[in-house]
Amino acid sequence: MAKKRLQTKAAKPQLVDGEVPVVGAREPCPCGSGRRYKACHGRAAAQAVTELVRRPFEGLPGECDWVALRELVPAATVPLKLRDGLPEDVPSLTLATVLPMAWPALRRDNGAVLVGLQNDTPSGDVSRDLADVLRRALTAQPGTPVTAGRPSADAPRLQDLLDLDAPFVPQVHDGFEFWLEDAGNQSPEVAASLERANSAALPTARLEGVEAAYWCETPEKNHLRWVMPHPEERLLDALARLHAAGSSSLGEGTRLVGSFRAHGLVVPVWDLPGTMGAEECEKPAAAFAERLAEALAATAPLTAEERRARSGFTNRQVTLN
């Protein structure tokens with residue numbers, strides 16, 4: 001008969017200040033319950049990491065623009081500032097909508113860091129996932145991309161790392177030349193890859209007179225998609241009031257067609273004529289913002305016509321995340 005392998009007992013994890021340490025999923029839970037870790041305290045730890053944070057960018061300057069860059073805008077960048085300042089060997093930190101090869105982050109040869117916003121994230125808190133990528137990118141070797149990880153439930157979020165007094169003003173680009181340190185000196189392979197990415201991006205512009213409103217051009221018609229910070233119920237009531245009054249459009253040939261939710265905010269969408277560019281949207285959008293402010297302040301119950309308009313918006317609303 002084969003000899004039985006000598007079994008040694010692993011050291012029992014010690015509880016420190018009442019905290020339950022992390023152990024293997026199939027090991028006994030250190031709390032002493034007699035159950036496996038995954039069925040005891042491990043379940044709560046996993047839920048804390050995966051639980052969806054409805055408004056991950058809440059509390060950041062430009063929350064609406066964060067949402068727009070995450071969901072709507074093909075090519076844009078924003079310089080970021082850290083609360084404690086950048087390390088000496090990191091000359092700049094830039095948020096980008098997307099990076100080559102869908103890398104979560106990239107540290108250039110010169111030490112500059114770029115963080116991609118439109119990547120899949122491993123947990124339910126986009127802010128914590130992005131903060132984890134950012135922190136690792138700051139210490140990555142120059143000239144290397146940074147892969148995604150799975151941060152712990154108590155890891156810092158963007159709100160903990162970024163300077164919350166710094167302005168957040170996106171720069172929308174016509175293409176992805178910002179990927180390259182020297183756009184004029186590139187190999188044929190890189191040039192071809194860049195051309196493919198540029199050809200797939202819809203022409204997009206950010207309006208200057210109002211916050212977080214983005215015009216885009218499609219082959220069929222143009223659109224204005226406007227990320228708004230107002231509470232959803234109040235905003236839908238206000239939009240219904242304006243629609244019932246015939247004042248929800250942005251001018252002749254335009255139409256408020258509905259809205260969608262993204263990261264806890266509502267994004268109304270207008271169809272625009274193909275001849276209406278971003279500049280032509282500026283004055284109508286500013287005038288609409290004034291009408292909306294009045295409608296948001298109204299407190300009277302919705303009329304029957306306004307309730308029908310609101311129901312129509314609700315039935316057509318889509319949630320992106």
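**Two sheets and their helices**

H6 and H7 are roughly perpendicular to each other, because their crossing angle of roughly 115° falls in the range of 65 to 115 degrees that carries that name. I start with this pair, and then go through the rest of the chain. Please keep in mind that this is a predicted model.

Here are the details of the pair. Helix H6 covers residues 232-244 and helix H7 covers residues 278-297, and their axes come within 9 Å. The crossing of H6 and H7 is right-handed. On the H6 side, the contact is made by Arg234, Leu235, Ala238, Leu239, Arg241 and Leu242. H7 brings Phe288, Arg291, Leu292, Ala295 and Leu296. Sorted by class, the residues of this contact are eight nonpolar and three charged, with no polar ones.

H6 has another partner, H8. The axes of H6 and H8 are 8 Å apart, and the angle is about 120°. H6 and H8 are therefore oblique to each other. Their crossing, too, is right-handed. From H6 the contact takes Glu233, Leu236, Asp237, Leu239, Ala240, Arg241, His243 and Ala244. From H8 it takes Glu305, Glu306, Ala309, Arg310, Phe313 and Thr314. What is the make-up of the contact of H6 with H8 by class? It has six nonpolar, two polar and six charged residues.

Now a step back to the whole chain. It has eight helices and twelve strands. Of its 321 residues, 44% count as buried. If we take contacts between residues at least 6 apart in sequence, 60% of them join residues at least 24 apart.

Next, the sheets. As a reminder, strands of a sheet pair through backbone hydrogen bonds, either parallel or antiparallel.

One open sheet has six strands in the order E7-E8-E9-E11-E10-E12, and its pairing is mixed. Which strands are at the edges? They are strand E7, residues 204-206, and strand E12, residues 318-319, and each pairs on one side only. Helix H8, residues 304-316, packs on this sheet and touches E10 and E12. The direction of H8 makes about 50° with that of E10, which is residues 255-262. Within the sheet, strand E9 (residues 222-226) and strand E11 (residues 265-272) run antiparallel and are joined by four bridges. Histidine 223 stands opposite aspartate 271 in E11.

Another open sheet of six strands has the order E5-E3-E4-E2-E1-E6, again with mixed pairing. Its edges are strand E5 (144-146) and strand E6 (171-172); each has a single partner strand, so one side of each is left without a neighbour in the sheet. Strand E2, residues 93-96, and strand E4, residues 113-116, run parallel, with four bridges between them. Leucine 95 has valine 115 in E4 as its bridge partner.

Helix H3 lies across E2, E3, E4 and E5 of this sheet. H3 runs at about 160° to E4.

One residue of H3 to finish with: aspartate 132, which lies in this helix of residues 126-138. Is aspartate 132 buried or exposed? Its relative accessibility is 14%, and the cut-off for buried is under 20%, so aspartate 132 counts as buried. Leaving out residues up to four places away in sequence, aspartate 132 touches Gly149 and Pro151.

How values were computed. Residues numbered from 1 in each chain as written. Predicted model: local features only at pLDDT ≥ 70, side-chain atom pairs only at ≥ 80, totals over all residues. Heavy atoms only, no water. Axes fitted to C-alpha atoms, helices over the stretch in contact; angles between N-to-C directions. Helix = DSSP H or I, 4+ residues; strand = E, 2+ residues; numbered from the N terminus. Parallel < 35°, antiparallel > 145°, perpendicular 65-115°, else oblique. Left-handed = near helix turned anticlockwise from the far one by under 90°. Contact = heavy atoms within 4.5 Å. Nonpolar A, V, L, I, M, F, W, Y, C, P; charged D, E, K, R; others polar. Pairing = 2+ DSSP bridges. Buried < 20%, exposed > 50% of the residue type's maximum accessible area, 1.4 Å probe, protein only.
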